Each structure stands twice: as structure tokens, then as C-alpha cells.
Amino acid sequence: MSEIPFFGRTTIYILTLVVFVFFQFGVIYAKNIGMLLAFRFLTGLFGSPVLATGGATIADVYAPRKQVYAMAIWGVAAVCGPALGPLV
Amino acid sequence: MRDLVRDSTLGHILHAISGGKILGWEEDHDHNALSRFVSTGDNARSMDTIELVTSRTSESRHSNEKPSESDVDLGNSNRKSSESEVDLGNSDRKSSERDPDPGTSNKKSSESEAEKGKDYELIDWLPDDPANPRNWSMGKKFFVTFEICFLTTSVYIGSAIYTAGLGGVIEQFHVSETVALLGLTLFVGGYALGPMVWVS
């Protein structure tokens with residue numbers, strides 16, 4: 001959907017982020033395990049756009065010779081997430 | 001920095017509420033700012049057509065090159081050879097379903113040029129355009145990169161943080177560890193399937 005120029009990537013990022021946060025509330029207040037699992041799946045679904053197109057957004061911002069550095073930093077951020085999860 | 005606020009969600013909301021007065025684009029203040037995009041001799045259109053045309057840059061590129069004219073009218077018209085010129089005088093452009101057919105898209109181009117495939121128009125950045133992300137200052141680029149990285153990290157953390165609360169889930173819902181781990185599995189499955197919907 002972000003490939004349709006009317007929406008662009010930024011709109012998708014913001015909207016899915018808002019929905020992501022609200023579905024996490026659903027996870028918090030789940031009454032049974034089924035509800036929890038369903039909301040977990042939905043949060044994953046709505047959290048994905050930035051993972052897929054974050055690299056493309058970063059590549060747009062930097063000149064070709066500098067894209068490598070920005071991509072590497074983005075990769076560090078992507079790996080730090082799961083590593084720091086249990087710590088937090 | 002003003003551009004960052006203007007492009008954000010808050011900026012768009014303020015712009016919509018105030019009708020362009022707060023954090024306006026330059027077209028709101030100066031109605032002639034778009035004149036450099038309009039080629040002379042055609043019907044001058046409003047900003048609506050520019051948004052319509054620039055919204056189609058990804059799918060088709062119609063060129064309206066007329067080699068003889070552009071060589072002659074170098075100082076005269078706004079039509080440069082390959083830089084961003086939007087031909088707004090084409091009333092056929094209003095319907096997107098006529099887009100894929102280059103032959104009938106532009107009334108002004110002759111039949112032979114259409115057949116040769118020369119009736120496309122390349123829409124590109126202006127030189128030194130401040131809206132082009134490649135031309136931003138380093139601070140602005142770093143800020144945007146930091147935002148993207150932070151968002152990526154926070155989504156990935158959402159998957160890993162669940163393992164810390166696994167014991168609580170088992171205790172509260174009285175399920176086995178395997179079922180509780182489904183919470184983690186489904187989250188990862190969700191963000192694997194998500195791009196199929198959102199990105200393509």
C-alpha cells in the first residue's frame with residue numbers, strides 16, 4: 001500500500017504505529033489465552049511496515065556512497081531490538 | 001527543521017485546520033510559486049493538477065519532448081530538456097485509466113511522435129531542490145535515520161519482551177509453556193506476513 005503514491009510511506013508508518021499501540025492494549029487486557037494470541041498476531045501484522053521499508057526510506061535520504069553506513073546503523077538497530085528485549 | 005514539523009502528522013493537522021496559514025507550503029502564500037512548473041503556451045492549471053500528476057510518477061512517465069521546440073526555445077519557455085517539467089496543459093491526464101496508453105495521452109503531440117514513443121514526460125527533482133532528501137542537512141538526515149531506527153527497534157523489542165512475561169502468562173491463563181510461546185511465534189509470523197499487505 002505504500003507503493004501507491006497517494007499514501008506514501010510516511011502515512012503508513014504513522015497509521016500502523018498508532019494501531020500497533022492500541023492492539024498492544026488488547027494484549028494487556030486479554031481475558032483468555034485465545035484473545036491474547038489473536039492480539040499478538042495483529043500487533044505483529046501492524047508493526048511490520050517499517051521493518052520492510054525502513055531500509056528503502058533510509059536509502060532515499062542518503063547519497064549512494066553513504067547509504068552503506070546508514071544501512072549498517074539501521075541493521076544494528078534491528079538486531080539490538082531482540083537482544084535488549086529481555087533486558088528491558 | 002521547519003520542514004520536519006510541517007511534514008509530520010501534527011503539521012498536516014495544523015495545516016488542514018488553519019487552511020494553510022500555520023506551517024503553510026509556499027504555494028499557499030505565493031500563488032505564483034508554481035508558475036515555474038507550468039510550461040508556457042498551455043492552459044495554466046491549479047495545484048490540484050500538479051498533485052495529480054506528481055502522484056503518478058511511479059507508474060508512468062509521459063514525455064512531451066519536442067526536440068525541435070526545446071532546442072529553439074531555450075530562454076523563452078519553462079520547458080527544459082530533462083529536468084522536472086510538468087505539462088499541465090493536458091486535459092487527458094485527469095483520468096488515470098487513460099494513463100497507460102501513451103498514444104492518446106497528449107493532444108498536443110503529433111501522431112508520429114506518439115507512435116515513436118516520444119510522448120513521455122520525465123518528472124524529476126529540480127536542481128538543488130530543498131525537498132529532495134538527498135539535499136538535506138546532516139542534522140536533519142540523522143534525525144530521520146534515528147527515528148526509523150528507533151521505530152524498528154521498538155517493534156523488534158515488542159517481540160522479545162514477551163519472553164520476560166512468559167511465566168506470568170503461564171500462571172494467569174493456566175496453559176503450558178508451548179501454548180504460551182505461541183504468543184511469540186504469532187507475533188513474528190504477523191510481522192512476516194505484514195509486508196505482503198502493507199508494502200506491495
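**A tour of the contact between chain A and chain B**

Begin by selecting Ile148(B) in this predicted model. Setting aside residues up to four places away in sequence, Ile148(B) touches Tyr13(A), Val50(A), Gly54(A), Thr57(A), Ile58(A) and Trp74(A).

Next, add Val50(A), Leu51(A) and Ile58(A) to the selection. Together with Ile148(B), these residues touch the most other members of the largest nonpolar core, which has 21 residues. At least two residues of this core come from each of α1, α3 and α4 of chain A, and from each of α7 (138–160) and α9 (177–198) of chain B. Colour α7(B) separately: with six residues, α7(B) gives the most to this core.

A second, separate core can then be displayed. This core has eleven residues, including Val27(A), Ala30(A), Tyr162(B) and Val169(B).

Now widen the view to the whole contact, selecting 49 residues from chain A and 43 residues from chain B. The area buried between the two chains is about 4,000 Å², and carbon and sulfur atoms give 75% of that area. Highlight Arg40(A), Leu51(A) and Val61(A), which supply 16% of the area that chain A buries against chain B, more than any other three residues.

Polar features may be examined next. Between chain A and chain B there are zero salt bridges, while nine residue pairs are in polar contact across the interface, both residues being at pLDDT 80 or more.

Finally, show the side of chain A that touches chain B. The helices α1 (8–28), α2 (33–46), α3 (49–61) and α4 (67–84) of chain A each supply at least two of its residues, and α3(A) gives the most, with eleven residues. By type, this side comprises 31 nonpolar, 14 polar and four charged residues.

Note on methods. Residues are numbered from 1 along each chain as its sequence is written. Chains are lettered from A and ligands numbered from 1 in the order in which they are written. This is a predicted model: local features need pLDDT of at least 70, side-chain atom pairs count only at pLDDT 80 or more; totals for chains, interfaces and linings use all residues. Side-chain values use heavy atoms; hydrogens and water are left out. Contact means heavy atoms within 4.5 Å. Buried area is the accessible area (1.4 Å probe) that two parts lose on being put together, summed over both. A salt bridge is a side-chain nitrogen of Lys or Arg within 4 Å of a carboxyl oxygen of Asp or Glu. A polar contact is a pair of N or O atoms within 3.5 Å; within protein, one must be able to donate a hydrogen and the other to accept it, and residues adjacent in sequence count only if both atoms are side-chain atoms. Helices (H or I, at least four residues) and strands (E, at least two) are DSSP runs, numbered from the N terminus. Ala, Val, Leu, Ile, Met, Phe, Trp, Tyr, Cys and Pro count as nonpolar, Asp, Glu, Lys and Arg as charged, and the others, Gly among them, as polar. A nonpolar core is a set of buried Ala, Val, Leu, Ile, Met, Phe, Trp, Tyr and Cys residues joined through side-chain atoms within 4.5 Å. Buried means under 20% relative accessible area, exposed over 50%, partly exposed in between (1.4 Å probe, protein chains only).
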